[in-house]
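Work through the exercises below with the model open. Try each task before you read its solution.

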Amino acid sequence: MQAWQVHENGEPGEVMRLAEVPPPTPGDGQVLLRVRAANVNFPDALLCRGQYQIRPPLPFTPGVEVCAETEDGRRVLANPALPHGGFAEYTVADAAALLPAPDALDDAEAAALHIGYQTGWFGLHRRAALQAGETLLVHAAAGGVGSAAVQLGKAAGATVIGVVGGAEKAAVARELGCDTVIDRKSEDVIAAVKEATGGRGADVIYDPVGGAAFKQSTKVVAFEGRIVIVGFASGDIPSAALNHALVKNYAILGLHWGLYNTKNPRLVLECHERLTELAARGAVKPLVSDRVPLDGAAGAVQRVADGVTTGRVAVVLEKEAAA
């Protein structure tokens, strides 16, 4: 089979190599899956760089979420078991963690409904307890993680403010349903948020960026607001001034979605059922901005790493792309 492999750590476009390799052999409790589509995530770039919290042995195949087909023909969502990631014709995954792919979504959309939307759901609902009528601010609102949070916020009845970088991304954020869009490249984010909220600030802030975005968040979070930390796409991990959180009476909440797979997997299944319901009625639909064949995976991961994409980029196998 064909699979992308990383033999040394570095930038995805430089270290990912397409190779002919034997199909992986499932271990105990695992199943072999034929990949239909693999969604590109920022962690794929971190894996290539050797900067992710999990460091699979070299060589490995990146690709952390797929829509795939089981040997008995079921269409499922899965997180491949590294080092046998999803940018390949076949992968392996834990049988107990497979989720049914929503009928309302095609392969690329289904592959993108998993990690980003699960992270958004747990972040907004379980950690931050977002309520209808509250104001949600989403950093990197046009990106893969941010776009999911925007849709979930709107589905929950929140007023959504999206912060983006550039006019093209601002247009995407508006199409996603943001009530207010702030272009950080041409606007003062802090002043714009205060103006949009009448000086009150945002009740919930969803931050997959870190760095300057977090510092902005602390200045525009409302009384009893909640800042949800889901990643550091900027590469800058900020230090929180806890005295500031005390005097302004806000909460800083961390979210590592992957922990729920081991700590409380029942909640992951319940979340998937809710997401499937939302997809069925059209309340959420992953924005797949680009679909590339398997041989385009390295370039796709590099573009996501460089922050130049909007929505999701999916690697769709040739036979599916031609269907």
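**Exercise 1. Positive phi outside glycine**

Is Ala140 buried, partly exposed or exposed?

Solution. Ala140 has 33% relative accessibility, so this residue counts as partly exposed. The cut-offs are under 20% relative accessible area for buried and over 50% for exposed, with partly exposed in between (1.4 Å probe, protein chains only).

Before going on, note the ground rules. This is a predicted model, where local features need pLDDT of at least 70, side-chain atom pairs count only at pLDDT 80 or more, and totals for chains, interfaces and linings use all residues. Residues are numbered from 1 along each chain as its sequence is written, and side-chain values use heavy atoms, leaving out hydrogens and water.

Next, look at the backbone. Most residues other than glycine have a negative phi, and most peptide bonds are trans. Ala140 has a positive phi, near 55°. Ala140 lies in the loop between E8 and helix H5 (144-155). Helices (H or I, at least four residues) and strands (E, at least two) are DSSP runs, numbered from the N terminus.

Then take Asn249. Its phi is near 60°, again positive in a residue other than glycine. Asn249 sits in the loop between helix H9 (242-248) and E13. Asn249 is partly exposed, at 37% relative accessible area.

**Exercise 2. Cis peptide bonds**

Find the residues that a cis peptide bond joins, and place each proline.

Solution. Leu58 and Pro59 are joined by a cis bond, with omega about -10°. Pro59 is in the loop between helix H2 (42-49) and E4. Leu82 and Pro83 are also joined by a cis bond, with omega about 20°. Pro83 is in the loop between E5 and strand E6 (90-94).

**Exercise 3. The six-strand sheet**

Give the strand order, then find the edges.

Solution. The order is E10-E9-E8-E11-E12-E13, in an open sheet with parallel pairing. Two strands pair if DSSP finds at least two bridges between them. E10 and strand E13 (251-254) are the edges: each has a single partner strand, so one side of each has no neighbour in the sheet. From one strand to the next, the twist averages 20°.

Now zoom in. E8 and E9 pair over five bridges, in the parallel sense. Leu137 is opposite Ile161 in E9.

**Exercise 4. A hairpin**

How many residues lie between E4 and E5?

Solution. Five residues separate the two strands of this hairpin. Gly73 in the turn has a positive phi of about 90°. E4 and strand E5 (residues 75-78) pair antiparallel over four bridges. Val66 has Ala78 in E5 as its bridge partner.

**Exercise 5. Helix H7**

Which residues of H7 are buried, and what covers them?

Solution. Start with the list: Val189, Ala192 and Val193 are buried in helix H7 (residues 189-196). They span an arc of only 100° around the axis, which puts them on the same side of H7. That arc is taken from the directions from the helix axis to the C-beta atoms. Their cover includes strand E8 (135-139), strand E9 (159-164), strand E10 (180-183) and helix H8 (212-220). Contact means heavy atoms within 4.5 Å.

Finish with the helix pair. H7 and H8 pack at about 35°, their axes 10 Å apart. Residues making this contact include Val189 and Ile190 of H7 and Gln216 of H8. Axes are lines fitted to C-alpha atoms, for helices over the stretch in contact, and angles run from 0 to 180 degrees between N-to-C directions.
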